[in-house]
Amino acid sequence: MMVGREIGEKYYREDFDVSHKPEVALEFQDVSFGQIEHFSLKLHKGEIVGFGGLSGCGMHEIGRAAYGIEKLSSGKVIRNGKEIKTPLQAIESGIGYISKNRDTEALILNGSIQDNIVLPSLTALSHKTFINPKDEKAMANKEIDAFRIKCNSGKQYVNTLSGGNKQKVSFAKWTAKGSDVIIMDCPTRGVDIGVKQSMYALIENMKKEGKAILMISEELSELIGMADKLIIMKDFKVTKEFMRSPDLKQTDIIEYMI
């Protein structure tokens with residue numbers, strides 16, 4: 001009744017296959033910063049690693065460190081053999097970041113849908129100092145169609161869109177760029193159930209395509225439904241790791257969060 005159509009039975013992933021490619025797409029090597037100490041992780045191609053916990057547990061900071069926003073006091077974040085120290089380096093190496101603060105960090109609200117989508121890809125679109133407007137429009141329209149973003153055209157301002165369509169733009173800018181590693185911080189926050197379903201299908205397809213996904217969420221059901229490996233944090237420390245399983249329940253996890 002909310003979205004005007006039948007959702008159907010499929011919502012989260014239905015498989016319990018945790019296999020992934022052997023190649024490491026992103027690695028934390030003994031990373032310390034702020035209140036986080038000696039954190040290490042290998043994220044592989046075709047793998048979804050989920051982070052869960054209460055607000056303020058440190059999981060959001062892990063995502064920011066992976067994108068080069070947080071300044072590390074020791075350790076390294078490595079992508080394709082190179083250290084990531086800044087967001088620009090992250091973007092150039094094929095890392096995309098969907099911030100939980102959509103309106104202040106993920107999007108330029110006073111910019112058009114087209115401008116937001118093509119922004120990370122301007123270097124690829126440019127020919128010396130010139131960017132062909134037709135190429136920009138074609139890239140944006142491809143993503144608008146693929147994500148079914150409800151708008152009059154790519155020139156429509158993002159601040160006129162619903163929360164769900166704004167979030168689709170947040171995703172579209174990185175799929176347009178062809179990013180192989182996607183950091184998703186609360187990827188379905190503030191969207192309706194219909195958009196959530198389409199986002200979960202997209203994330204599942206990304207895994208099948210071999211993309212590496214770091215999924216941070218405050219919704220345990222979302223993490224249980226989508227992640228191959230689930231890492232729980234409390235007080236800036238990892239308290240427990242769970243592998244994807246049909247028997248895994250929220251009650252198994254909560255004690256490690258509080």
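**Helix α8 and its surroundings**

Let's start in the middle of things: the buried residues of helix α8 are covered by elements that include β3, α6 (133-147), α7 (163-177), β9 (181-185), β10 (212-216) and α9 (220-226). Keep in mind as you rotate the view that this is a predicted model.

Helix α8 itself takes in residues 193-208, 16 residues in total. From its first C-alpha to its last α8 reaches 23 Å, close to the 22 Å expected at 1.5 Å a residue. Its buried residues are Gly194, Val195, Lys196, Gln197, Met199, Tyr200, Leu202, Ile203, Glu204, Met206 and Lys207. Charged residues appear in that list too, among them Lys196, Glu204 and Lys207. At the N-terminal end, Asp192 acts as the cap of α8, with a side-chain oxygen 2.9 Å from the backbone nitrogen of Gly194. After the helix comes Gly210, which has a positive phi, near 95 degrees.

Within α8, the side chains of Glu204 and Lys208 form a salt bridge, 3.8 Å from N to O. The two residues are four apart, about one turn of the helix. An α-helix has 3.6 residues a turn, so residues three or four places apart point the same way. The partners differ in burial, because Glu204 has a relative accessible area of 10% and is buried, while Lys208 reaches 63% and counts as exposed. Salt bridges that share partners also join Arg13, Asp15, Lys207 and Asp228 into one network.

Two members of that network, Lys207 and Asp228, also touch Glu47. Glu47 sits in the loop between β2 (36-44) and β3 (48-52). Besides those two, its contacts beyond four places in sequence are His20, Lys42, Lys211, Ala212, Ile213 and Lys229. What makes Glu47 worth a pause? It is buried yet has no salt bridge, and the nearest side chain of opposite charge, that of Lys229, is 4.6 Å away. A salt bridge needs a nitrogen within 4 Å of a carboxyl oxygen, so a separation of 4.6 Å does not qualify.

Following the chain back from this loop leads to a hairpin. Strand β1 (residues 24-33) runs antiparallel to β2, and six bridges join them. Val24 in the hairpin stands opposite His44 of β2. Two residues lie between the strands, and Gly34 in the turn has a positive phi of about 55 degrees.

Further along, helix α1 (residues 59-66) is mostly covered, with six of its eight residues buried. Those six are Met59, His60, Ile62, Gly63, Ala65 and Ala66. Gly68 follows α1 and has a positive phi, near 85 degrees.

Finally, a look at the charge pairs: the structure holds 12 salt bridges. One of them joins the side chains of Arg79 and Asp180, at 3.8 Å from N to O. It links distant parts of the chain, since Arg79 is in strand β4 (residues 74-79) and Asp180 is in the loop between α7 and β9, 101 residues apart. Arg79 counts as buried because its relative accessibility is 4%, whereas Asp180 is partly exposed at 39%. Arg102 and Asp103 form another salt bridge, with their closest N and O atoms 4.0 Å apart. Here Arg102 is buried at 15% relative accessibility, and Asp103 is partly exposed at 36%.

Definitions and conventions
Residues are numbered from 1 along each chain as its sequence is written. This is a predicted model: local features need pLDDT of at least 70, side-chain atom pairs count only at pLDDT 80 or more; totals for chains, interfaces and linings use all residues. Side-chain values use heavy atoms; hydrogens and water are left out. Buried means under 20% relative accessible area, exposed over 50%, partly exposed in between (1.4 Å probe, protein chains only). Lys and Arg count as positive and Asp and Glu as negative; His and the chain ends are not counted. Contact means heavy atoms within 4.5 Å. The expected span of a helix is 1.5 Å times one less than its number of residues. A polar contact is a pair of N or O atoms within 3.5 Å; within protein, one must be able to donate a hydrogen and the other to accept it, and residues adjacent in sequence count only if both atoms are side-chain atoms. Two strands pair if DSSP finds at least two bridges between them.
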